[in-house]
Amino acid sequence: MDLTAEEKAHLKSLIDRGEPLPDDYRFRLFKEPRETELIWPGKTHEVTNAILPFQVIEQIDEPRAEIAHAPDLFELDRATGRQQSGWTNKLIWGDNKLVLSSLKNGPLRREIEKAGGLKLVYIDPPFDVGADFSYEVEVGGETLTKEPSVIEDVAYRDTWGKGAASFIQMVYERIALIRDLLAEDGSLYIHCDHRTSNLIRTIGEEVFGNSSFLNHIVWKFSTRSSIKTTWKRSHHDIYFFKKNDDPVFNWDNEFVLEPLSESTIKKYRYVDENGPYRLSGRNITGSPIKSAKDVDPEWEKTHPELVVRDYLREGKVATDTFIIDIENQMSSVRTGYPTQKPEELLRKLISASSNPGDLVADFFCGSGTTLAVAEKLGRKWIGCDLGRFAIHTSRKRLIGVQRDLKKDNKPYRSFEILNLGKYERQYFVGIDPTLPEKERRAISAQKDEHYTTLILQAYKAERVFQSPPFHGRKGNALVLVGAVDAPVTSGQCKLAIDAARKLGVTQIHVLGFEFEMGLTPRITDEARERGVNLALRHIPKEVFDKRAVEKSQVSFHDVAYIDVKTARKGLEVSVKLELFGVAYVQDDSVRLADDLKPGASKVTVDKGQVVKISKDKNKKVTQEILTQHWTDWIDYWAVDFDYTNRKEIITMTAPDASGRMIDRPQWTGGYIFENEWQSYRTKRDRSLELVSAPHTYPAKGKYKIAVKVIDIFGNDTTKVVEVTV
């Protein structure tokens, strides 16, 4: 080593104090670096290997009534039209790092391999530090800007706020997991813009290796930008990598070929006086064909139908520059999602790098463009996103694709919506979900105090120990914190009501991640009759983000409630949506009014109402309620007419006595919502049906009907009612 005595002493003192060594020593301490390497602060090659079981929360194979399509793709139950076998497409809500790790290491990996392996992944990681994750909702003729969820805000924007290194690490971990999940002949497209282009290519080569880099694609589009301080930006970059073997590349696909120029078209125009004939390959078939330049122009004018143009192919081989405009805002495929990419762009990539029946994926799926195009092109798919609204937007879009394909008598697959549910929450608090139930309960008890303190801190409540079953106090209300891995039940609420009456307390707040279906408004009405004001409030996932808690960005909101009625006629039953109520708050309306400039206005949410707050030139503040009717809050609702028909079975992957990892299927105690009828608003059609189509039951008996309502913010509420036919 070429080090002086002073440098050696300096190094020793740094090591003794446990401090990091300066970068300039790294390459002097080791003779030769093995290869070119990307280095950033906090870099680690460690990637999570968590295996969390997926929970199926909804199954959608709409429409089911007709089955005159796709018998060759998968088996259909002839009575119901439901898909019975083969790959079911997957839309997953959750942190894509945990999702990717669970797909890579868990039992779904075998299902992926059975489906032919993951052949193509397209990702469009968030690279905008602006308002990419807010979205606009139309209410009462006004536009409400829904702010990003704290999960999106903290996970992405604070990542940027910490500098490029944290963004690089985030993308690096996910690309590394994607690489391990790809088939050997799989490929990856990474979409970015000028802010991250230089980083993304370098990260991709770090993970895949320089020899696996295939193309730098430039996507050029029109833009209305009026920037005059530099060159107007009108393109994004897409980097194309392969895993190991050469991937599929369908250069001659109709959606991949580029149109020929007018000069080429003119050059290859032919005329046949005996009738039009097309060219076949390089050979001319049919009657003798004259070159266009030999044809009498006057004759051509009187015989235009005999002029045949043929270009040997439908177009020319595509280059790595795509000229594709973003769809018009009035296009039927536009969802209003701010970062939506054009379908033509994804159609080109998917057509080039996969074949019908192949499995493709998008782990930042946003509004679901990749998934919608994959479905239209006959590919299987997996989609994942962290945003609840993104998942809901994708769900509606994909149902629309199913309906269109069915109308055209074309095949489509069913899809299911999954999440990591309570297992993701257990992971966040440090409980290994692969442990046996008894061990999990023991560890859960040990961590209970830490978990309770965490929730109360986020809720801004103080811890109390003298008033069981309550855990805390906020103002005049006692607070009960529900379990991390189980829904709050009516039994727990009744015990809390009894305890509150004995303590002489009239206000209680019950916090939970999930609540027993149909709990509201029944339990709140019962509490009110007994002189207790009971508030049920959702614990958001954001409580597990320390930064969100420290910044007071965690918002608890009241559980919404649904009221429905059923109408019976023989074996037929229909459902009518009678009422839906929420209690959301987005801004402090008083503070918002104070901050408004004279002549300005702002639309916000206050006490379960969308309101427009305005300040005139004389500084007089007025409020206009825009949600005139409870239906204004509803974006989508659906019905499962036989809710307990399908149990939710998860597969836990855990070691056996010998240490070998095995799968253990088990019932969660819940059921899968099978979407049998739905009505929803679209950008073009804001109407909503409030009465379902009638459902015919196979026999007399008692059935449980589940009704799911999704509000304009993407939050869902479910109620279960019993019907006798």
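The exercises below, each with a worked solution, concern a predicted model.

**Exercise 1.** Find how many aromatic pairs there are, and describe how the rings of Phe213 and Tyr239 are arranged.

*Solution.* A pair of aromatic rings is described by the distance of the centres and the angle of the planes. The count of aromatic pairs comes to 14. For Phe213 and Tyr239, the centres are 6.2 Å apart and the planes make an angle of 50 degrees. Planes under 30 degrees apart would count as stacked and planes over 60 as edge-to-face, with the rest counted as tilted, and the pair of Phe213 and Tyr239 is therefore tilted. As for its place in the chain, Phe213 belongs to strand 7 (residues 213-220) and Tyr239 to strand 8 (residues 235-242), so the pair ties together parts that are 26 residues apart in sequence. Both Phe213 and Tyr239 are buried, and ring pairs join these two residues with Phe208 and Phe241 in a cluster.

**Exercise 2.** Classify the pair formed by Trp667 and Tyr671, decide whether each residue is buried, partly exposed or exposed, and state which residue lies over the face of Trp667.

*Solution.* The ring centres of Trp667 and Tyr671 are 5.8 Å apart, with 65 degrees between the planes, and the pair is edge-to-face. Buried means under 20% relative accessible area and exposed means over 50%. Trp667 has a relative accessible area of 38%, so this residue is partly exposed. Tyr671, with a relative accessible area of 24%, is likewise partly exposed. Finally, Lys647 lies over the face of Trp667, at 4.2 Å from the ring centre. Elsewhere, Lys90 is placed over the face of Trp87, at 4.7 Å from the ring centre.

**Exercise 3.** Work out the order of the six strands in the open sheet, name the edge strands, and describe how strand 17 pairs with strand 18.

*Solution.* Strands of a sheet pair through backbone hydrogen bonds, either parallel or antiparallel. The open sheet has the order 16-17-18-19-20-21, and its pairing is mixed. At the edges are strand 16 (462-463) and strand 21 (557-558), each of which pairs on one side only. Strand 17 (residues 472-474) runs antiparallel to strand 18 (residues 477-481), and the two pair over three bridges. Within this pairing, Lys474 has Ala477 in strand 18 as its bridge partner.

**Exercise 4.** State how many disulfides a search of the whole structure finds, and determine whether Cys192 and Cys493 are buried or exposed.

*Solution.* A disulfide is a covalent bond between the sulfur atoms of two cysteines. The search of the whole structure finds zero disulfides. Cys192, at 0% relative accessibility, counts as buried, and Cys493 is buried too, with a relative accessible area of 1%.

How values were computed:
Residues are numbered from 1 along each chain as its sequence is written. This is a predicted model: local features need pLDDT of at least 70, side-chain atom pairs count only at pLDDT 80 or more; totals for chains, interfaces and linings use all residues. Side-chain values use heavy atoms; hydrogens and water are left out. Rings of Phe, Tyr and Trp (its six-membered ring) pair if their centres lie within 6.5 Å; planes under 30 degrees apart count as stacked, over 60 as edge-to-face and the rest as tilted. Helices (H or I, at least four residues) and strands (E, at least two) are DSSP runs, numbered from the N terminus. Buried means under 20% relative accessible area, exposed over 50%, partly exposed in between (1.4 Å probe, protein chains only). A charge sits over a ring if NZ of Lys or CZ of Arg is within 6 Å of the ring centre and within 35 degrees of the ring normal. Two strands pair if DSSP finds at least two bridges between them. A disulfide is a pair of cysteine sulfur atoms within 2.5 Å.
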